[in-house]
Amino acid sequence: MAVSASESNGESASESRSRGALQWQGWVVGLSALAALLVFAPLGLYVWAGDGSGGAPPRAAVTDVRVTGCRVDAASRRVVASVEAAGRPEGVGAYVITVEFREQAEPVPGGRVAQALVKVPGVAPGAVERGEAVGPVWPAAAVPWCGVAGAEFTHLTEFAPLQDRTQF
């Protein structure tokens, strides 16, 4: 009867096979861990590094706009609000401002409230641009109050340029 080398060392054939299977399973676990590292390491670095905007979050557009005048137009009896928008250092952009018209400065539940939108385009950094919001017809006896209800700023670089669209 022939004796194998593993049996001569005191191992049976089944013990030798299980040791080979454990080595193979070790390679599979190691390669799986390496693949997971290659997939998830860039994702972890991206989350850790942030979105690249750096510093503080952008300030609210409402802080850049204000109402400079509120009057009732004599001819149409509509309330008109004059607004100002200050440019941001980030670049040229446009504001869309929501102006609110009320009978009092403090909101009254169930009170008369109207809103109008005004767009102020092409505001350069450091510049102040003006616009007017036209509201509803206002009663003759009431004095209007005009205020900023909201504002949005959009960079002009967010839009695709319309030039050079003649070539296909």
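**Close-up 1. Three strands line up as an open sheet, in the order β4-β3-β6.** Keep in mind that this is a predicted model. The pairing in this sheet is antiparallel. At the edges sit β4 (113–123) and β6 (145–155), and each of them pairs on one side only. On average, neighbouring strands here are turned by 20° against each other, with direction ignored. For anyone new to sheets: strands pair through backbone hydrogen bonds, and they can do so parallel or antiparallel.

**Close-up 2. Here's how β3 meets β6.** Strand β3 covers residues 93–102, and 10 bridges join it to β6. The two strands run antiparallel. To pick out one pairing, look for G93: its bridge partner in β6 is H155.

**Close-up 3. Now for the largest nonpolar core, a set of 21 residues.** Which residues have the most contacts inside it? They are Y95, I97, V99, F101 and A133. Strands β2 (78–86), β3, β4 and β6 each supply at least two residues of this core. The biggest giver is β4, with five residues.

**Close-up 4. A nonpolar patch sits on the surface.** W27, L31, L34, L37 and L38 make this patch, which comes to about 610 Å². Let's zoom in on one of them, L38, which has its place in helix α2 (residues 13–49). Is L38 buried or exposed? L38 counts as exposed because its relative accessible area is 62%, and the cut-off for exposed is over 50%.

Terms used:
Residues are numbered from 1 along each chain as its sequence is written. This is a predicted model: local features need pLDDT of at least 70, side-chain atom pairs count only at pLDDT 80 or more; totals for chains, interfaces and linings use all residues. Side-chain values use heavy atoms; hydrogens and water are left out. Patches are made of residues with over 30% relative accessible area and no salt bridge: like charges are joined within 9 Å, nonpolar side chains (Val, Leu, Ile, Met, Phe, Trp, Tyr) within 5 Å. Accessible areas come from the Shrake-Rupley method with a 1.4 Å probe; for residues, only the protein chains shown count as cover. A salt bridge is a side-chain nitrogen of Lys or Arg within 4 Å of a carboxyl oxygen of Asp or Glu. Helices (H or I, at least four residues) and strands (E, at least two) are DSSP runs, numbered from the N terminus. Buried means under 20% relative accessible area, exposed over 50%, partly exposed in between (1.4 Å probe, protein chains only). Two strands pair if DSSP finds at least two bridges between them. Axes are lines fitted to C-alpha atoms, for helices over the stretch in contact, and angles run from 0 to 180 degrees between N-to-C directions. A nonpolar core is a set of buried Ala, Val, Leu, Ile, Met, Phe, Trp, Tyr and Cys residues joined through side-chain atoms within 4.5 Å.
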